Amino acid sequence: MEIRNQTEFLLLGLTEDPTLQPLIFSLFLSMYLVTILGNLLIILAVSSDSHLHTPMYFFLCSLSLNDICFITSTIPKMLLNIQTQDQSITYTGCLSQVCFVIIFAVLENFLLAVMAYDRYVAICHPLSYTTIMNLCLCILLVLTSLSISTVDALFDTLMILRLSFCTALEIPNFFCELPQIIKLACSDTLIDNILIYVETCIFAGLPLSGIIFSYIHIVSSILRIPSSEGKHKAFSTCGSHLSVVSLFYGTAFGVYINSAVTDSPGKTAVASVMYTVVPPMLNPFIYSLRNRDMKEAVRKLISRIASLL
């Protein structure tokens with residue numbers, strides 16, 4: 001029997017063992033709160049310190065805001081399902097979740113690429129940095145990235161709308177993920193799967209290529225710096241970004257490889273946690289611990305908040 005549009009999906013989550021549900025709820029609630037507080041702290045620290053009103057930290061705030069939205073598109077629904085012991089999600093809710101996850105995942109790719117371009121201009125063209133990376137260009141880069149991400153997400157949502165679904169609508173994950181939705185379809189999905197691979201190559205491959213291209217030129221410029229102190233200072237401005245890039249793409253490729261070599265639903269769900277939850281949670285710590293200016297701004301902000309309490 002085929003069902004169109006007016007139906008519900010079941011999110012099976014990480015495990016069906018009822019004894020583990022309280023532990024999972026506590027763990028993911030803690031991770032969600034840490035992510036929200038950590039990224040909000042980054043945004044507030046940058047906003048409150050005039051010395052950090054530069055393109056680099058403007059993009060960092062954009063990344064932090066995106067991380068908050070990214071994790072909020074999945075975790076609250078998971079926590080609600082565990083709390084109510086109800087695994088269902090409506091067809092409309094599932095489509096909305098797919099759409100928002102794609103928007104923020106693709107936007108993360110583009111923001112990381114934009115941040116790499118910012119470091120490229122700062123290190124390879126330092127004298128022209130303020131002219132090139134003006135406020136208008138920074139805003140345009142972020143808005144263009146958001147527009148491309150939104151168009152891609154809407155296209156994928158329309159792609160799901162044309163599919164018919166069977167009665168077994170169980171998603172072996174804690175959120176509605178596009179490949180898992182397509183697997184449930186009764187209709188032919190060959191074109192859909194081809195489009196997913198093409199989109200992945202474009203919207204993940206192009207930003208990654210841009211990041212690699214930028215860092216090839218960055219490393220080349222740094223190696224030409226005569227003093228070791230100058231080299232260390234230049235590398236230190238890129239260290240946090242490189243760590244975030246490695247974390248995001250490392251976990252994303254790990255999920256891709258895992259889904260290609262295993263059919264275990266449990267392993268697929270756990271792997272999805274690695275790229276939807278872990279990077280947004282760790283990004284604030286990476287930038288706070290590896291960046292001296294950021295550490296100082298966070299310290300001042302915390303002191304200011306403590307003095308008001």
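Biologist: S26 lies in helix α1 (residues 21-48). What makes a stretch count as a helix here?

Modeller: A helix is a DSSP run of H or I with at least four residues, and a strand is an E run of at least two, both numbered from the N terminus. Keep in mind that this is a predicted model: local features need pLDDT of at least 70 and side-chain atom pairs need 80 or more, while totals for chains, interfaces and linings use all residues. Residues are numbered from 1 along each chain as its sequence is written, and side-chain values use heavy atoms, leaving out hydrogens and water.

Biologist: Why is S26 called partly exposed?

Modeller: Its relative accessible area is 41%. Buried means under 20%, exposed means over 50%, and partly exposed is in between (1.4 Å probe, protein chains only). So S26, at 41%, gets the middle label.

Biologist: And how do you know that the buried residues of α3 line one face?

Modeller: Helix α3 covers residues 75-84, and its buried residues are I75, M78, L79, N81 and I82. Seen down the helix axis, they fall within an arc of 160 degrees, so they line one face. That arc is taken from the directions from the axis to the C-beta atoms. They pack against β1, α1, α2 (55-72) and β2, where contact means heavy atoms within 4.5 Å.

Biologist: What makes β1 and β2 a pair?

Modeller: Two strands pair if DSSP finds at least two bridges between them. β1 (residues 8-11) has three bridges to β2, and the two run antiparallel, so they pass the test. In one bridge, F9 is matched with I89 in β2.

Biologist: Which strands stand at the edges of the sheet, and why?

Modeller: The open sheet has three strands in the order β2-β1-β3, with mixed pairing. β2 (88-90) and β3 (170-171) each have a single partner strand, so one side of each lacks a neighbour in the sheet, and they are the edges.

Biologist: What makes a group of residues a nonpolar core?

Modeller: A core is a set of buried Ala, Val, Leu, Ile, Met, Phe, Trp, Tyr and Cys residues joined through side-chain atoms within 4.5 Å. The largest has 50 residues, and F9, I75, F165 and I181 have the most contacts inside it. α4 gives the most to this core, with twelve residues. A second, separate core has 44 residues, including L107 and Y215.

Biologist: Which residues does I181 touch?

Modeller: Among them are F9, C94, V98 and F165, not counting residues up to four places away in sequence.
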